[in-house]
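Subject: Structure handover

Hello,

I am passing on the structure we discussed. Please look at it below before reading my notes, which follow it.

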Amino acid sequence: MMKPVDHFIQVHDLVKTYADGGRSVSAIDQVNLSIDDGEFVTIMGRSGSGKSTLLSMLGALMRPTSGKVVVDSMDLYSLGSEQRADFRSEYIGFIFQSFQLIPYLTVLENVSLPMAVTGLKKKKMDMAMAVIDRVGLADKHDRLPDRLSGGEQERVAIARAIVNHPPLILADEPTGNLDTDTAGRIMEQLASLNREGHTIVVVTHNPEMEAYASRNIRVRDGRVSA
Amino acid sequence: MKLYNICLGNIKRRKTRMLFLALGLIIGIGTVVTLLSITESMGRDIEERLDQFGANIVMAPRMENLSLNYGGIDVGGVNYEIRELDQASLFRIHTIENAKNLGVIAPKILGPVTIMDKTVLLMGVVFEEELALKPWWQKTGAFPEADNELLLGSAAASLLNVSPGSTLEMKGHPFQVSGVLEPTGGSEDNAVIAGLSPAQKILGKQGKISLVEISAFCRGCPITELTLQIAEKFPNATVTAMKQAVMSKMQSIELFKSFSLGVSVLVITIGALLVMVTMMGSVNQRTREIGVFRAIGFRQGHVMEIILLEALLLGVFGGLAGFVLGNGVARIIIPLTLEAGRFPGIDWQLGGICLLMSAALSLLASLYPAFKAASLDPNQALRVL
């Protein structure tokens, strides 16, 4: 008998329904999928197709109506709220749409934010500076986000996502607000992170992203179609 | 990076916003400090007036049946022939617990003396103390400076038909009248006033004291407490407080204090509510930010820590700024509103209390907003994924 393959991420019969007025609306409907360690996956679909909802559930941010999300053999939604926070801190780097930088913190402070709650005691600033250097913003580390261009803000968001060296990076429309050239550079950076071993899941509208991904998942009306 | 760096970053780079957040506390604490300063100033003013008003405690030997009336105020019993206090024991007054609240201590010897075939009251006093106790005394001539000089009450001077410069003889001792008092309406109008030592000698009561008038005022303790403390030291004396005058003044201060306290509680409550409302507003505005914190792995406790730490810093700042503001307003307002009112000075102890109270209120008012922030669903808060 063959031993079942252990995927890094396993999604079983995932369902998410919302109450809309008196009726129930399915955002995610019986989704099953798996993602292996080191994959670069894009999730594509129209607006309202449920792709962002799926990403939220993969990131331990949204409890499904039914089904399971298992990451590294951990059933995320059997964990308590605080344990899920610890999981996010240890396993996930988020790159949010619209960057979501903290406006009153400098680049260096924004990037080191995830380290504020880790057990790491020493060299936090050195590590953060190394990551900032990597995304090419060393000379702007003491600037506030509103003094940066859109592309620079996105790079800060990437630096913040990888500063704790999480195995999984989840990105929601990372190039949605950027011009084509800047978007290309951002995708290059994500591909580079993937080559270093990070598993990357990107929700996007941008068909050019497919070229960087090892696999593409399409979501339509809450169902995975490929 | 520590959690407090987030708070400091927020406070440092959003100063105006933080100022508005702290405004409720600043106004609340400022009002309390101003009101307390006004009450303090009023208390001191009344204290000074009472000091000028004369004695408020009288100590006389414990007597029965006979009453001694002095200055129109009943001060207990006296019997000229039977008992006096021992002058040497007077130092014990200074050994009471609240000795620092004692002002002027004026011992007296009283007794009848015959001058020009007329019997008058001879009162021996320590002029330095007596004049400090009775600043309203007006005289013709001068106050006595030597042992052989006398001061006469207006009625006594008329009776004996003497004026400043005249010489009188008491029991064979010559005395010069240095001054005559203007009518006061008090017992001294009828008295011949000499130095304590010569009067004791004339009356044959060396080392004896008929009564002691004491000017004392104690804002920190009731006047009756002082009289009890003195009475403890002099078991053979009757110590009486002229309570009516003091108590009515004290009652006014207490009334104003209660009013101030009531207003302070009201203002502080409103301030705390204001902090709570502004904190809630701040939390609502920071919903996305809190969502980011939660998404990148901050626990609920971490979010609460950030909000409460900010509240604590705001509270300390609000307390300090309110204390400075309150003192500033009091300094300006007291001379304008109180006749002869003076700013009582900065009370550092009150400053400490304000700081603690402000920090505690800010924390208390922020508890619910912090709990609400920590309980936010990270996905709902972000509304981006």
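**The largest cavity**

The largest cavity is lined by A:Arg88, A:Ser89, A:Ile92, A:Gly93, A:Phe94, A:Pro114, A:Arg160, A:Ala161, A:Asn164, A:Pro166 and B:Ile296. Helix H2, strand E6 and helix H5 (150-162) of chain A are the elements that each give two or more residues to that lining. E6(A) gives the most, with three residues. The space in the largest cavity comes to about 60 Å³, and the count of cavities of 30 Å³ or more is one. Please keep in mind that this is a predicted model.

**The sheet in chain A**

Where does E6 sit in its sheet? The sheet is open and has six strands, in the order E6-E7-E8-E3-E9-E10 (chain A), with mixed pairing. Strand E6 (92-95) and strand E10 (223-224) of chain A are at the edges; each has a single partner strand, so one side of each has no neighbour in the sheet. Helix H2 (residues 81-91) of chain A packs on this sheet and touches E6 and strand E7 (168-172) of chain A. The direction of H2(A) makes about 80° with that of E6(A).

At one edge, E6(A) and E7(A) pair in the parallel sense over four bridges. A:Gly93 has A:Ile169 in E7(A) as its bridge partner. In a regular strand, side chains alternate between the two faces of the sheet. In E6(A), A:Ile92 and A:Phe94 point one way, while A:Gly93 and A:Ile95 point the other way. Are these residues buried or exposed? All of them are buried.

At the other edge, strand E9 (residues 215-220) of chain A pairs with E10(A) in the antiparallel sense over two bridges. A:Val219 stands opposite A:Val224 in E10(A).

**Helices of chain B**

Three helices of chain B are worth a look for their buried residues.

In helix H1 (residues 3-13) of chain B, the buried residues are B:Leu3, B:Ile6, B:Cys7, B:Gly9 and B:Asn10. They lie on the same side of H1(B), because they cover an arc of only 160° around the axis.

In helix H6 (residues 223-233) of chain B, the buried residues are B:Ile223, B:Leu226, B:Thr227, B:Gln229 and B:Ile230. Down the axis of H6(B), these fall within an arc of 160°, so they line one face of the helix. B:Leu228 and B:Glu232 are exposed on the other side of H6(B).

Helix H8 (residues 287-295) of chain B has eight of its nine residues buried, so it is largely enclosed by the rest of the structure. The buried residues in H8(B) are B:Thr287, B:Glu289, B:Ile290, B:Gly291, B:Val292, B:Phe293, B:Arg294 and B:Ala295. Just after H8(B), B:Gly297 has a positive phi of about 110°.

**The largest pocket**

How much space lies in the largest pocket? The figure is about 390 Å³. It is lined by 20 residues, and those closest to its centre are B:Val32, B:Val33, B:Leu36, B:Asp347 and B:Leu350. Helix H2 (15-53), helix H7 (243-285) and helix H10 (348-375) of chain B are the elements that give two or more residues to the lining of this pocket. H2(B) gives the most, with six residues.

Regards

Technical notes: Residues numbered from 1 in each chain as written. Chains lettered and ligands numbered in written order. Predicted model: local features only at pLDDT ≥ 70, side-chain atom pairs only at ≥ 80, totals over all residues. Heavy atoms only, no water. Buried < 20%, exposed > 50% of the residue type's maximum accessible area, 1.4 Å probe, protein only. Arc of directions from axis to C-beta. Pairing = 2+ DSSP bridges. Contact = heavy atoms within 4.5 Å. Axes fitted to C-alpha atoms, helices over the stretch in contact; angles between N-to-C directions. 1 Å grid on protein atoms, 1.4 Å probe; cavity = no way out; pocket = protein on both sides within 12 Å on 5 of 7 lines; lining within 4 Å. Points joined across faces, edges and corners; volume = space filled by probe spheres on them.
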